[in-house]
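Work through the exercises below with the sequence and the 3D view at hand. Each task is followed by a solution in steps.

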Amino acid sequence: HGSHKHSSKKKKKKDPPQKQQPSSSYSSQDEDGPPPNNAPLLPVFGQYGLVNAKSDYHKHRRSFEIWMAEIKKISDFHGSKHELQQYFEEYCEDYNTATFPHVKYYNYEKW
């Protein structure tokens, strides 16, 4: 019974689809006015803080739901808890590496 859990963990590959985009995704920032003077042009790890995939779900739930709806085109998720966790881990990775296509995904309430 316990061995089933281990096999599902080994299958997990880290290859989020966003990484192939050229830096053209950053030009979309122009619509929101110029970035602050100290804003780096390239994403910096931890630039917007770090999200822990295991403990920060409730803190980031609103921004995560917006990300799911707009980036993943899933506005009403009815999958398993495990599947939701996988999506949230992907969200966390993009958050932590500062590679979201728009600043609103970091803190939707503030935005």
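## Exercise 1: a pair within one helix

Task: Find the salt bridge between R62 and E65 in this predicted model, and state where the two residues lie.

Solution.
- Step 1. The closest N and O atoms of R62 and E65 are 3.7 Å apart. A salt bridge requires a side-chain nitrogen of Lys or Arg within 4 Å of a carboxyl oxygen of Asp or Glu, so the pair qualifies.
- Step 2. Both residues belong to helix 2, and they are 3 residues apart, about one turn of the helix.
- Step 3. R62 is partly exposed, with a relative accessibility of 38%. E65 is also partly exposed, with a value of 31%.

## Exercise 2: pairs between separate parts

Task: Which parts of the chain does the salt bridge of K104 and E70 tie together? Then do the same for E90 and K72.

Solution.
- Step 1. K104 and E70 form a salt bridge in which the closest N and O atoms are 2.8 Å apart.
- Step 2. K104 is in the segment after helix 3, whereas E70 is in helix 2, so this pair ties together parts 34 residues apart in sequence.
- Step 3. Buried means under 20% relative accessible area, so K104 counts as buried at 13%. E70, at 31%, counts as partly exposed.
- Step 4. The side chains of E90 and K72 meet in a salt bridge with an N to O distance of 2.7 Å.
- Step 5. E90 lies in helix 3 and K72 in the loop between helix 2 and helix 3, so the two tie together parts 18 residues apart in sequence. E90 counts as buried, with 16% relative accessibility.

## Exercise 3: the network and the count

Task: Which residues are joined into one network by salt bridges that share partners, and how many salt bridges are there by this rule?

Solution.
- Step 1. R61, R62 and E65 are joined into one network by salt bridges that share partners.
- Step 2. The count comes to 5 salt bridges.

## Exercise 4: positive phi values

Task: Locate K73 and A98, and decide whether each is buried or exposed.

Solution.
- Step 1. K73 is a residue other than glycine with a positive phi, near 60 degrees. Its place is in the loop between helix 2 (61-70) and helix 3 (81-96).
- Step 2. The relative accessible area of K73 is 66%, and exposed means over 50%, so K73 is exposed.
- Step 3. A98, also a residue other than glycine, has a positive phi near 55 degrees. A98 lies in the segment after helix 3.
- Step 4. A98 has 5% relative accessibility and therefore counts as buried.

Key. Residues are numbered from 1 along each chain as its sequence is written. This is a predicted model: local features need pLDDT of at least 70, side-chain atom pairs count only at pLDDT 80 or more; totals for chains, interfaces and linings use all residues. Side-chain values use heavy atoms; hydrogens and water are left out. Helices (H or I, at least four residues) and strands (E, at least two) are DSSP runs, numbered from the N terminus. Buried means under 20% relative accessible area, exposed over 50%, partly exposed in between (1.4 Å probe, protein chains only).
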